[in-house]
Amino acid sequence: MSAIVAIVGRPNVGKSTFFNRLIQRREAIVDAVSGVTRDRHYGKSDWNGKEFSIIDTGGYVQGSDDVFEQEIDKQVELAIDEADAIIFMVDVESGITGMDEDVANLLRRVKKPVFLAVNKVDNAKRAEDAVEFYALGLGEYFTLSSVNGSGTGDLLDALVEVL
Ligand code: GDP
Ligand code: MG
């Protein structure tokens, strides 16, 4: 059985865009509106000759903030149980939010490999802005643009190393 990689993070950071890039099919639902991915989506991908399964987490239903945050926590906990490695995606456009901090707190206790992926780094200026994500206490991060593909290779190189 191939290794399982889960992409977690709050809504609208670009998880489904990255997932679609990995599986090379428009399977997950991407939308400009937060919380549009309705289900967990599973796909297959490979990099450097290594095949792995990838989970795009979502299923966030718009509602009270409480339900919203609980749902994210549930998805992260499911991912922690299920996955061999976790990609924690955040968004350089918005910077660190309270929800990012909540997810980071859950992930900091995990023994499995966690890759902090700072998405929407579409240009060099945004690469500089990404340093603020050290404050999440997860160590090194990868910068990438799921839209233009830059940086995705470095993240995948490091990811398949641990699978
Ligand atoms: P999800 O809720 O985390 O699955 O996020 P989506 O993949 O649905 O993306 C949310 C929004 O962010 C969409 O409008 C995407 O086009 C946009 N987006 C995703 N990746 C990037 C990126 O690398 N750069 C920019 N500028 N926008 C992005
Ligand atoms: Mg999504």
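Here is a quick tour of this protein chain, from its overall layout down to a single loop residue.

What you're looking at is a predicted model. The protein chain has 163 residues, and 37% of them count as buried. Its secondary structure comes to five helices and six strands. Read from the N terminus on, the elements go β-α-β-β-α-β-α-β-α-β-α. Contacts that reach a long way along the sequence matter for the picture too: take the contacts with a separation of 6 or more, and 65% of them link residues 24 or more positions apart.

A good place to start is strand S1, which covers residues 3–8. S1 pairs with two strands, S3 and S4, as set out here.

| Pair | Residues of the partner | Sense | Bridges | 
|---|---|---|---|
| S1 and S3 | residues 50–56 | parallel | five bridges |
| S1 and S4 | residues 85–91 | parallel | four bridges |

To find these pairings in the structure, look for Ala6, whose bridge partner in S3 is Ile55. On the S4 side, Val8 stands opposite Phe88.

Next comes helix H1, residues 15–23, where Lys15, Ser16, Phe18, Phe19 and Leu22 are buried. Viewed down the axis of H1, the buried residues fall within an arc of 160°, so they line one face of the helix. And what covers them? The cover includes S1, S2 (41–47), S3, S4 and S5 (114–119). Just after H1 sits Gln24, with a positive phi of about 60°.

Now for the inside. In soluble globular proteins, nonpolar side chains tend to be buried together. Here, the largest nonpolar core has 39 residues, and the members touching the most others are Ile7, Ile86, Phe88, Phe115, Leu116, Ala117 and Val118. S4 gives the most to this core, with six residues. Phe115 is a nice one to click on: setting aside residues up to four places away in sequence, Phe115 touches Ala85, Ile87, Phe88, Phe142, Leu155, Ala158 and Leu159.

Last stop: Leu138, in the loop between helix H4 (124–129) and strand S6 (141–143). Is Leu138 buried or partly exposed? Leu138 has 17 other C-beta atoms within 10 Å, so it counts as partly exposed; being buried would take 20 or more. Leaving out neighbours within four places in sequence, Leu138 is in contact with Ala104, Leu107, Arg108, Val114 and Leu116. The last of these, Leu116, turned up earlier among the core residues that touch the most other members. As for Ala6 back in S1, Leu138 is 132 residues from Ala6 in sequence and 17 Å away in space, C-alpha to C-alpha.

Methods. Residues numbered from 1 in each chain as written. Chains lettered and ligands numbered in written order. Predicted model: local features only at pLDDT ≥ 70, side-chain atom pairs only at ≥ 80, totals over all residues. Pairing = 2+ DSSP bridges. Buried ≥ 20, exposed ≤ 12 C-beta atoms within 10 Å, placed from the backbone. Arc of directions from axis to C-beta. Contact = placed C-beta atoms within 7 Å. Core = buried A, V, L, I, M, F, W, Y, C linked by C-beta atoms within 7 Å.
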